[in-house]
Structure formats: structure tokens, C-alpha cells
Amino acid sequence: MPKHYRPAGKKKEGNAAKYITRTKAVHYLQVSLATFRRLCILKGIFPREPKKKVEGTHKTYYHMKDILFLAHDPLVEKFRDIRAHKRKVKKALAKKNRDRADQLLSRQPKYTLNRLIKERYPTFVDALRDLDDCLTMVHLFAALPAVVGERIQVDRIHNCLRLSHEWQAYISRTHRLRKTFISVKGIYYQAEVEGQKITWLTPHALQQVLTDDVDFNVMLTFLEFYEALLGFVNFKLYHSINLKYPPILDPRLEAAAAALYALYRYIGSGSGTSFGTRAITSGKEEDEGGKDDKRTNESELRLAQLQHQLPANEPGTLMHLMEDATTVADEDEETKSCKNLFKNLNFFLSREVPRESLLFVIPAFGGVVSWEGDGSPLKETDKSITHQIVDRPSQGHLFLSREYVQPQWVYDCVNARILLPTEAYMVGRVPPPHLSPFVDNEAEGYVPEYAETIKRLQDSAKSQVLPMPGLDEGLDDPLNLLAEGVIDRAEANEAAEKKRKLMMLEKQHHEELKMELQGITYSASLSNNNLPEPVEKDEVMEDAKEELERAAEDARSMSMVQMSRKNRKLYEAMQIGIERKKETNKRLANKRKSAQKASKKE
Amino acid sequence: MAKSDSSKKSVKKEKEPLENQPEPDLSSDSDLDEDSIWSDAVGSSDIDGDSSGTSEDDVGGNGEMDSPDDGRDFSEDEGSLEHTREDRKDGNDTLQLVEESDSSEDEVAPRNTIGEVPLEWYKEEEHIGYNISGKKIKKHARKDKIDSFLAGVDDSKNWRKIYDEYNDEEVELTKKETKLIRRLLKGKTPHAGVDPYAPYVDWFEWEDKGHPLSNAPEPKRRFVPSKWEQKTVARLVRAIRKGWIKFNKPKEEPQFYLLWGDDSNAAENKRQGLSYIPAPKPKLPGHEESYNPSVEYIPTQEEINSYQLMYEEDRPKFIPRRFESLRSIPAYEKAVKEEFDRCLDLYLCPRARKKRINIDPESLKPKLPSKKDLKPYPSTCYLEYRGHSGPIKSISVEISGQWMASGSTDGTVRVWEVETGRCLRVWNVGEAVEHVAWNPLPELPILAVSAGYDVILLNTGLGDAEDNMRIKELLRVEESPLTNDDGNKTSAVSWLQHTKLDGIRLQHFKAVSTIEWHRKGDYFTTVVPMRPIFFVATKKNIRVYDLLKAKLIKKLETKLREISSIAIHPGGDNVIVGSKEGKMCWFDMDLSSQPYKTLKTHPKDITNVAFHRSYPLFASCSDDCTAYVFHGMVYSDLNQDPLIVPLEILRGHTSSYGRGVLDCKFHPRQPWLFTAGADSVIKLYCH
């Protein structure tokens, strides 16, 4: 009798009935493997891990319910239609029946993914929760070379570019960006939308290499779904800030490869939320510049009326007047702090700086960006520019009114949420290390040196009440802050020292008491201990330490005794990880020390 | 062709008959035909008169520079020209005649007599041909350059003169002729009046001729609607009806709309199908992935080299690098590949919900009651009993708690006073002592010692005189086997008086409860004093027998590898078992045959376990030189499980020959613990 004998007429039970291998699932659905893949990707169906792998350990198992779910999807039928249609076209062409082929081609079966999206993500929050991969992929494809004849169609790349810009424009304009990180792989961004933390990676703006060891069919299927998803998400987001989607862009700016800026202007003109670009100078603006100060309700009303009369896509006239008057009520504390980080600062980007990224990041934190090229709101010579972002070995002409910083300064400021002193980021210098904002240094147990510096700066910035000019003053002399930090440290050290002394005294007292008990006279004890006293003290310390360690060890092993075997094993396993972490931290600290030594020697 | 229309017409009228015929002759090679053309041309030119003389003068200079072939052509024409000049008086009529004649040879006699031979043949000669009388015709002398130049200067029309080599004479071209030549050179028709693209006149008139080309009758199909057209129309109609052909392009519906309108309806917004397991998010980058990490994150060259020695899966996936500035970061070559891997993970990786314990490891430790509440228990070493010279195998405390006996491998048995540490008596047994045990009756301070093959009963002489007497008597009486209550009447047991030590050598001891140590087998036996239950510890299990009914009550499965020691709670319901793998099991006999709790205490063998008689304490000692003291509370309420709390680890012994603490015993009345070590020291731990 075979191992899993099932008498005739008896149904399968348990894992054998619940799970189905992939091959069987493909046969069951009567589709090809490629179609099955597409279906799984689009429907979001994944293999599951059965408790017992009835058919063998090396097979992939799908849940039978998942497969039934697939089988009932209209998409299966649609794919069959498409397949049949393709055959018809092929046949018509083979018979040289061009008319029929044309006629067939003009009515290709199409399918939409909106139903699937709603099915997979019934609520908007669900969609946001799963948006990480989607954004990463869309941004990656937006960076791929749009070359005709490559494996990827050009219009899809353009579509990805458009979607990514729309997303970035929303994030930036609503000040949802929280963290940024330049890594070797690209730039990571983290935004918070509706309480969901969304992290995505954008590649560096360089020509990406299309490798051969990649199945683009799979990736393009994913991309198909992600494009639709991001489109709907963008629609919802734009809808939430009362904007029409898809946005209509200024073709001039789009041509100048500043699509993101064009989007900002669209959002700015359409919604009336804060819009940093004040500089699209026009006659009207200057006329109304005088009223800038009043900001009374009355003028607002009038402005709103005026606004109404203007065509929607008029470059952001009047907008700056509304800038502070209209505040969105539901902005939380963090958004506000993000909004005000670069407030009243004008940035100018040099040619060599990654414009796309900075054009996204700086406005997200309330700054105004201009760049070298067409469509820029400010010229390089403008007096109001406060920071120029430069990434070259040396800068020729320097304006005294502005600071010249490397791009990393912006990202570090964003992560620290304060304006860092610019000395270390000056042109031509090697900037301080760029640290990941995604690491919890305390939990990790190792704090890099620059993180400590930033922490101190943050603390000192917090302790000051934060009117804007005050902040500037505080940051003008970072040495002060550093000194403060040092003082704090010294105090802590002192306290520790005091504690140690107290402990020693106590110990001594105990010793003396003991001696008294044993009946040794004070003089004798003096004579005994006179000479080796300092040594004794050290020994006492060491002994105490040892004893403490012993006690700790005892306590540990004692509680280990009481643990159940499962918990004990778990505890031990956890200890391995903790030990490893400690080890790496120790190694890092040692390395840092040696590096510091080496630098001191030099 | 800048002539006025009227003049053109007049010329045309005159020439039409002339030109239409000779035109094809232009291409022919024969000299004669060409002559006639030229004559015609001259004639016409005369009629028109010299209209544009001056304009052509400058161009004519080229004539002399023409190649010899061209010159020859012109010279050939020359003859005809001369001839026409002679006929000029005849006017147009004569010209007509000339034209009509087939051959011009009649009129123009060739003055060249050499015939049609190449001129090269006469190149070297002084003459060219012969005249009719047979005399050589002399060549004219050629003009040299100076002469020709002078001639050019003297005569303004000199450029029109061309030397005809064939006839050996100089010819002067008329203006008309140069004009013709110029037109020919430009590739135009020689006469300006000729229209090469004149409208075609169809001479054939076939209408009303009465004779059609085909006389076939009109076929029927000309009057019947076309079948194929009908089919096509039918096909199109069908296609239109079925919607295959659409005339108005369907309106493009907006691709995106508000998909998530209202999220408040919870029932509607439930996901269909099985529970969704979201894919784990990719790991967020740490400091080391920065483009400009701190120095400590960058591996040294040695470390990078050492990665090569690692297994491929152990190797770090990402090696941190440092770039001086943002502009120097290259494109990440694995970007597409990594994204692809992520895609594969998303749709190929089996997903399962794993309960991830994200807890503080300290929280795994059970909450123990405060040790202070569980006092008293032995915690500090208070006394040491020194005197043995070998590892102390066994100790035993007298029931009153005043005396303690110890047996060592040095072959001595010592009795100590507990409170002072004074050694009271020493017996030299001669053999390594394995076990010592006091008689549990306080009035009979007899000590049982096992050494080698013997069990020796010793009279310690600790009681008062009356007791001593009784014991002596007892020990003497022991010689007769009749007094033995146990009924162990095997003859193999030998009862001998040990004269030297004032005791008996025997195998049995008569008492209410005894501890007996079986020598041959691996068994310890213990008889519980309160209930007649008998415990037998085999290697892995413990069998519990009821002595009254003489049958097995229970088999306790320890699941240990090898049991080394056993102790029974004074209550009789709980048993602790120590094993050679350092584990201790607590059995609650009322509960089950499985251990209630297994405590992994010692890293080495447990040598002994012990219960306190009155305090809720128990202890274990091991070869790792430690002894553990536990609080083991057994409640009278059966529903409440016993409470076990580790209290203290007692250290102080040193290891010798890999052995640590060999025995431990509680003081019968005080919460004190005696431990006997392999370092030949007995220690007393007090609270």
C-alpha cells in the first residue's frame, strides 16, 4: 500500500486538500505558466507555506482558495481572449488579409486594473501601506534610458516619470517628507501620508545599465500594476487637496526638464496652499506687493475673488499673498516643523547638483529653489538668495550675501530638523559623514561621532525658544554649542567620579566595621594596612567589582534555572544576537579610536 | 529665346516645312547632309538679319581654342558655306531646290583630293594630295603665334576664322553660325524658333468611322448588380451591426478616477479571499550604506581580502565605500537586478505568518518572589571542618543536629561537633569510605559506614552512659541472627564483630527506617518513614513500590540520562531527582508521573540532592564546586502547585581531580547546609 493511500470515494483532507502545487494549479486553471505568473502578480497571489508539504519539500504550494479566487476572476477569460485575438491577427496576416488584420487590430481586447486595485486594497490606507515597492519600481523605471528599440517601451518610461513627479509634487507641496538619505544605491526618501510611513528609493540620476540576467516580462507586469496603482493613489491625493488630476503642465517648463517645478506651479495656482515661489515676477505682483503686509481678511476675500477670475494655470501670481494666510487646519506638529525648516531661505542650485532631488526636497521643507537654466524663478545674481548649493572643487565668484554649501548639507539639515552650521559643508571640503536617519542609534548601541554632535546641536536648538531670528543667532556660533555639550559631558563624568568615591568610602567603612567585629584594634589595623593602603584600595575596588559581577552572574543563572526550556533556549538565542551586536559595536568603537589616533598623529 | 512672338511666328511659318524634315538628319554622320543644314541655317539667318552681333563677340574668342576635332567639324561645314554663298543670289527658291536634292555632291565639289584617309598620314608631308594633273598640292604655310596674334590685333573679326585642316584653308564663320554653335554647345536646338515640345496632334480619327474595334454585344453583367460588391457590402453591414467597425471613435474615458471614495463603510471595505499576508518591507539602509559613511564603517583592505576567504553566503552583500562628494557617486550597477530580485521575492516566495517575538530578553525570566521573604536559608559559609586528607565522600548529620559524621576516601570516618567544628572521633576503617549514615533514632547514636565490601556499624559513644551501655549490648547481641527483625536471613550475609573499631561488620541494620546503600547494583533505596513506600531508582526511571501490598504503584519517568541521586520530601508526595547531566527534576507524585519541573542547574554532574526536614528548602550539589539552595514550598492545598524558587548559589569549594562537591546535607533543625567537597573540606553554610 502506498504511503498516502486514500480509499476510492474518499475526499482529500487536510493539507493535501488545502494546498496545491504550482504545476497542478496551472493545469487546474488551464492557462500557460506565463499567464499564471501574470495573474498571480496582478492579483497579488503568493505561494503559502503549508504545515505539511504533502507533495514534497521542494515544491511551491498555493492555497486552494487562492487558486479558486484566481479561477473566478474575469481576467483569466480576458487573457484567453487576448490570446485568441493574437492568433486571429496572425492568421489574417499570414493570409495577407491586411484589411481584416487592421480591423482586428483596431478592436483589441483591453483590460483595466482598477477593479483589482480596489479588490486588493479596499481602503486607501491599505494601498498606502503597500506603496513602498510601487514607488521604488516606478522611480527606477523613470530613471531607465528611454531608448526606442530597447526592451522597455519609451512611453512607459515617460509615464513612470510623470507619475513619479506627480507623487513628489504632492509630497513636497504638502510637506509630508520626513527623512532623506543618500546611499550608494540611490537616495532614500521617507514620507508620512495618512499616518503611514512610506519609504522609497530613487536611483542616482545617471544612465542605468540594463542587465541581461533580468526577466523584464516579470518586471513589466509588476510595473503595469504599479503604474495603475500609483495613478489612482495620486488621483486620490490630488483630490484631497482639491486639485484636478491629471494635472495640466506648463509645456515650456516641461520641455526645460523641470516638470516637477511645473507641477508645483500647477498645485500652487490650483489649490492655494502655501506656495513658495514668489518670484515669477510680473507687473501685477509688484502692484500688489504693497498690500503684502496687511493680510487682513478683507484683502484675502478680494484676492480670492481675483484669483477666481484668473485662469487656473496662470503662473503663481498673488499666491504668495495667500501663503501664510491660508493654513490647513489638520496639519500636525511635525508637518509644521517640516514646513518651517527652510522658511525664508532661497536656494540656488549650480549646474552640477542633482536638481531633481533638491527640487523635491527643499520645497518640501519650505525653501525656495532656483537653478541655472530656463524657467528658474530667480537668477543667479539675485540678492535674495541665501544659500547656493555647489558641488565642485572650488567656486569662482563668491557673493558675500550667501552661503556656499555642498548638497549634503540640505539632506543632513532635513534629517536633523535644524539648520546645521555650514562651516563643515563649505565648497571644496570633505563633508562630515552622512548618517542614516533610519537607524535608531540607542537601540543599536553605537552612536557615531557626528550623530552625537547633531544631537547636541538639536538639544541646544530645542532649549532655545524658537523664533526664527533666535535660531539663526544660535546657529551662528556652533562652537558655543559644542562647548555647551562638552560641559554637559564633563558634568556627567564628574558625577560618575563622585559616585565612585562614595562607594569606596562606604566599602572602607564596612571593612572597618568588619575588623572591629573581628576584634582587631584600630592601631593594629593601621600598622597592618599602612603601607599597602593604595594597593588595598584598588583591590577593594576590584573585589567589589568582581563580587558585583559574580552576584549579577548568580542572579542571571538563578533565573535561568527557573525558565522553561523553551524560554531558556529563546533567551540564549537572543543572547547570541545581542552578543554579536555588542561585538560589532565594540569593533566600530575601536576602529573609530584608531582612526582618531591616526588623524591626531598626522 | 528672347524673341518676340511675332517674329517667332513669321520664322516658324517660313521654316516649318524646312525644319521638320531635316531634323532627324542632325544625328547622321554624313557630311553632305550636314552641309545642307548649314546652308539652310545660313539662309534663314540672312532673312532675320544681324540682330545681336556685339553680344556674341566676346564669346567667339573660344573658337580657336576648341579641340582639333571641333575644328574639323567646322571646316567640313566650311565648304558648304562657301557654296551657299555662291547661290545666294538665287534667293529662297534656289535654297529650296538645294534642300530638296538628295545629294549635295553635285553642287559642292570636294577640293580635298586625298579622299577619306586619315590626315595623320599627311602629317609629315609638305603636300596634301594631288591635283588633277598629278602635281602635289602644297600645304599652306601655318601661321605662327606672332602672325596669328598680329592678325588678331589687325582684324577684329579674326577670331571667327578657323583653319580647316582637311581642305587646308581658312574659313571665316558668320555671326549666325557662331550663334548656332553656341546653342549647340549648350545642348539646345540649333534654331531658337524650334519648339521641341509642340502639342501632339493625333492624326487618327476613329469616331464615326462606322467600324468599331470590337463588335461584341454588351454583356449581361453590365446590367446586373455586382455579386461581389453585394458581398462586400453585406460584410461591411455585418461588421457595422456587430460593432466591429465603429465610425465615431469611442470617447476616451478618464483613466483614473476616485477609486477610494468613502472609506468609512467597513463592511464593504473588507478584503475578499484568504487573509492577506503583507510582504515584509525591505530592510532600511544603515549608516554603512551612506555614500559618505563614518570612517569606522569602511572596511580595511585586509578585511576586504578576508571576505574572499568566506563562504559566498556569509560574505557581506554590501561593502561600504566612501565618495568625496555627491557628484562622484557612480550609477549603482545592481539597481535593476536588486529590484528584479525583490519582484521575485514578492511573487515567488511562500509567505507565512510568523509570530515574531520582539520582547526584551529579560522579560522571559520568570517573576520570582523576593528572596528576602523566603528567609532563612543558608547563604554564607560559616564554618569549615578540616581534618580529612582525601575527598570526603559522604556526610551525615545526627538527628539531634549536634554531631556530624563524615567519611572520606582516605579511609577515615570522623565525627564532628557541629557548632564548634571540633573533630570528636576518628575511626580508621582502612578502606575508602563510601557512605556514612546515622541511625535516625536519637537514643541510638549508631553510625553506619560502608567501605569496600563492608558495612560497619560503629558505636560513636556520644550518648550518655546508659545509652552507651545499651548500644554496646545491642551491638553485641547483633551477633546472633535471630534478633534481626527484617527477616533478611540470607546466609550470604556475614555478621562479624569488628573488634578494632568496636562495632559490627554486617550487611543490615535493624531500625525503623534505614538508609541502605546497595553495593553491587546501581540502586539506591530509600524507605519513607511515614508511609510504607519504597523507591527504587534505576538508571532512567524511578519505581515506587508499596511495601504493604508489595506491588508497583508508580513509575516516574524522569527523562534524564542517568540518575545520580534522589531525595524525598518529608511529606512523602514530592521527590527530587538529580542527574549526571546537571538537571534536577521535581516530581509531584499526586500530579503525574512526569516531572513537575525540570531545573537545569549545574553544568556538571549533580552528586547529591537533599531536602530539609522542616524548612521548605532543598539543595543540590555538583561537581562544578557549587551547591544550589532552593526554596521548595509544598502546600497542603492539593490544587496549589509547589513553589520552587532558586535562592542561592553556594561557592567556596575547589575542584580536585575533576570533582567538586560530593555531598550535601541539611541540618535537621536549623536552615544550615553542610557540603563535603573533594578538596577534603566540609563547609557549613548558615543563614
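**A tour from Asp130 to the nonpolar core**

Select A:D130 and A:Y121: their side chains make a polar contact at 3.2 Å (a pair of N or O atoms within 3.5 Å; within protein, one must be able to donate a hydrogen and the other to accept it, and residues adjacent in sequence count only if both atoms are side-chain atoms). This is a predicted model, in which local features need pLDDT of at least 70 and side-chain atom pairs count only at pLDDT 80 or more, while totals for chains, interfaces and linings use all residues. Residues are numbered from 1 along each chain as its sequence is written, chains are lettered from A and ligands numbered from 1 in the order in which they are written, and side-chain values use heavy atoms, leaving out hydrogens and water.

Remain at A:D130, which sits in the loop between α8 (124-129) and α9 (131-142) of chain A; helices are DSSP runs of H or I with at least four residues, numbered from the N terminus. Leaving aside neighbours within four places in sequence, A:D130 is in contact (heavy atoms within 4.5 Å) with A:Y121 and with B:Y276 of the other chain. A:D130 counts as buried because its relative accessibility is 18%, and buried means under 20% relative accessible area with a 1.4 Å probe, protein chains only.

Next, display the C-alpha atoms of A:D130 and A:I198, which are 68 residues apart along the chain and separated by 8.4 Å. A:I198 leads to A:W167, since A:W167 touches A:I198 as well as others, including A:L131, A:W200 and A:N234, not counting residues up to four places away in sequence.

Which residues touch the most other members of the largest nonpolar core? They are A:W167 and A:F342, in a core of 131 residues; such a core is a set of buried Ala, Val, Leu, Ile, Met, Phe, Trp, Tyr and Cys residues joined through side-chain atoms within 4.5 Å. The largest share of this core, 16 residues, comes from α11(A).

Now select helix α11, residues 216-240 of chain A, and find A:N234 within this helix. A:N234 is buried, with a relative accessible area of 0%. Its contacts, not counting residues up to four places away in sequence, are A:L163, A:E166, A:W167 and A:Y245.

Finally, select α10, residues 154-173 of chain A, whose end C-alpha atoms are 28 Å apart. This agrees with the 28 Å expected for 20 residues, because the expected span is 1.5 Å times one less than the number of residues. In α10(A), 14 of the 20 residues are buried. Following α10(A) is A:H175, with a positive phi near 55 degrees.

Notes: Helix = DSSP H or I, 4+ residues; strand = E, 2+ residues; numbered from the N terminus. Buried < 20%, exposed > 50% of the residue type's maximum accessible area, 1.4 Å probe, protein only.
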